[in-house]
Amino acid sequence: NTVWSVTWDNVGLDDQANSIGVDVNGYVYLTGYTNKTNSGSDFITIKYNSNGTVQWEKFYSAPDETKTATARKLDIAPYGDILVTGDVYNIGNKDFLTLAYDESGNVKWQEWFTGIGNGDDTPMAIKAGVNNLLFVTGRVWTGTQYSYLTVKYEMIDYITPPDNESCPASFAYFKNKGQIIGTDATVQPNVKFHTFRICANSIYAKFKDSLCFFKYRCTTCNN
């Protein structure tokens, strides 16, 4: 038997749902696209509670809002993030765009993949794996033909402590021997020394460079 059904309309033009998921708390997430009066389209992602009541709805437009943005698939990560991927018109052609929303609908991060042949690329599936890994697969233009390609992402949370964070009581600094990496996963040789403390399961790292100016960053260590 049907428990509930809901319809959704944006501006009276064509809308299409392409993917749906349910989290461990019974919330339902739906993603797809909605056409706009300016001839473009937007990602649309909607969260419903277990009774079918809309909790939030989020749009994402192409850089040129008269162009298309089409959400294709979603998945729900083990820790609750809603992961959405689709193709977005981006300076001459369509590229992969993957978004991560938290449970409140805030965008945590977004990641473009521009392909290898400067043509239209279309993601067709997304899957959150273990150890904060994420996989997106789809069709890409190689320059001479279409082929399938899978992109692997590693999702890492970076936290920037406030500038008024006090120094650890020991004021002990450790030499950077290559263990400090930035948010782009590259080593940071400009950071000469670091100290840290653990708070609420996060590592708050405090750095000083060769000029002894203090900087705050949250990092991952290469063990």
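These exercises work through sheets, cores and ring contacts in a predicted model.

**Exercise 1. Place Val 84 and decide whether it is buried or exposed.**

Step 1. Find the element. Val 84 lies in strand β6, residues 82-89.

Step 2. Apply the cut-off. Buried means under 20% relative accessible area. Val 84 has 0% relative accessibility, so it counts as buried.

Step 3. List its contacts, leaving out residues up to four places away in sequence. Val 84 touches Thr 31, Phe 43, Thr 45, Ala 71, Lys 73, Leu 74, Leu 97, Thr 98, Leu 99, Tyr 101 and Ile 126.

Step 4. Check one of these contacts along the chain. Thr 31 is 53 residues from Val 84, yet their C-alpha atoms are separated by 7.5 Å.

**Exercise 2. Describe the largest nonpolar core and name the residues that touch the most other members.**

Step 1. Start from the background. In soluble globular proteins, nonpolar side chains tend to be buried together.

Step 2. Take the size and the best-connected members. The largest nonpolar core has 15 residues. Tyr 29, Phe 43, Val 84, Val 88, Leu 97, Leu 99 and Tyr 101 touch the most other members.

Step 3. Map the core onto elements. β4 (54-60), β5 (69-76), β6 and β7 (94-101) each give two or more residues. The largest share is four residues, from β5.

Step 4. Look for another core. One of 14 residues lies apart from the largest; Ala 77, Ala 100, Val 136 and Tyr 153 are among its members.

**Exercise 3. Work out the strand order of the four-strand open sheet and name its edge strands.**

Step 1. Read the order. It is β1-β2-β3-β4, with antiparallel pairing.

Step 2. Pick the edges. β1 (15-22) and β4 each pair on one side only.

Step 3. Add the twist. Neighbouring strands are turned by 20° against each other on average, direction ignored.

Step 4. Inspect one pairing. β2 (residues 28-35) and β3 (residues 41-48) run antiparallel over eight bridges. Leu 30 has Ile 46 in β3 as its bridge partner.

**Exercise 4. Explain why β9 and β11 each have a side without a neighbour in the sheet.**

Step 1. Set out the sheet. Three strands form an open sheet, ordered β9-β10-β11 and paired antiparallel.

Step 2. Count partners. β9 (122-128) and β11 (146-154) stand at the edges with a single partner strand each, so one side of each lacks a neighbour in the sheet.

Step 3. Add the twist. From one strand to the next, it averages 15°.

Step 4. Inspect one pairing. Six bridges join β9 to β10 (residues 133-141) in the antiparallel sense. Lys 127 is bridged to Phe 135 in β10.

**Exercise 5. Characterise two aromatic pairs, then find which lysines sit over rings.**

Step 1. Take the total. The whole structure holds seven aromatic pairs.

Step 2. Analyse Trp 56 and Tyr 101. The centres are 5.9 Å apart and the planes 35°, a tilted pair. Trp 56 is in β4 and Tyr 101 in β7, 45 residues apart. Both are buried. Together with Tyr 29, they form one aromatic cluster.

Step 3. Analyse Phe 96 and Phe 113. This pair is also tilted, at 5.5 Å and 50°. Phe 96 lies in β7 and Phe 113 in β8 (residues 107-113), so the pair ties together parts 17 residues apart in sequence. Both rings belong to buried residues.

Step 4. Turn to the charges. The charged end of Lys 47 sits over the ring of Tyr 27, 4.1 Å from its centre. That of Lys 67 sits over the ring of Tyr 89, 5.1 Å from its centre.

Note on methods
Residues numbered from 1 in each chain as written. Predicted model: local features only at pLDDT ≥ 70, side-chain atom pairs only at ≥ 80, totals over all residues. Heavy atoms only, no water. Buried < 20%, exposed > 50% of the residue type's maximum accessible area, 1.4 Å probe, protein only. Contact = heavy atoms within 4.5 Å. Pairing = 2+ DSSP bridges. Axes fitted to C-alpha atoms, helices over the stretch in contact; angles between N-to-C directions. Core = buried A, V, L, I, M, F, W, Y, C linked by side-chain atoms within 4.5 Å. Phe/Tyr/Trp six-rings, centres within 6.5 Å; stacked < 30°, edge-to-face > 60°. Lys NZ or Arg CZ within 6 Å of the ring centre and 35° of its normal.
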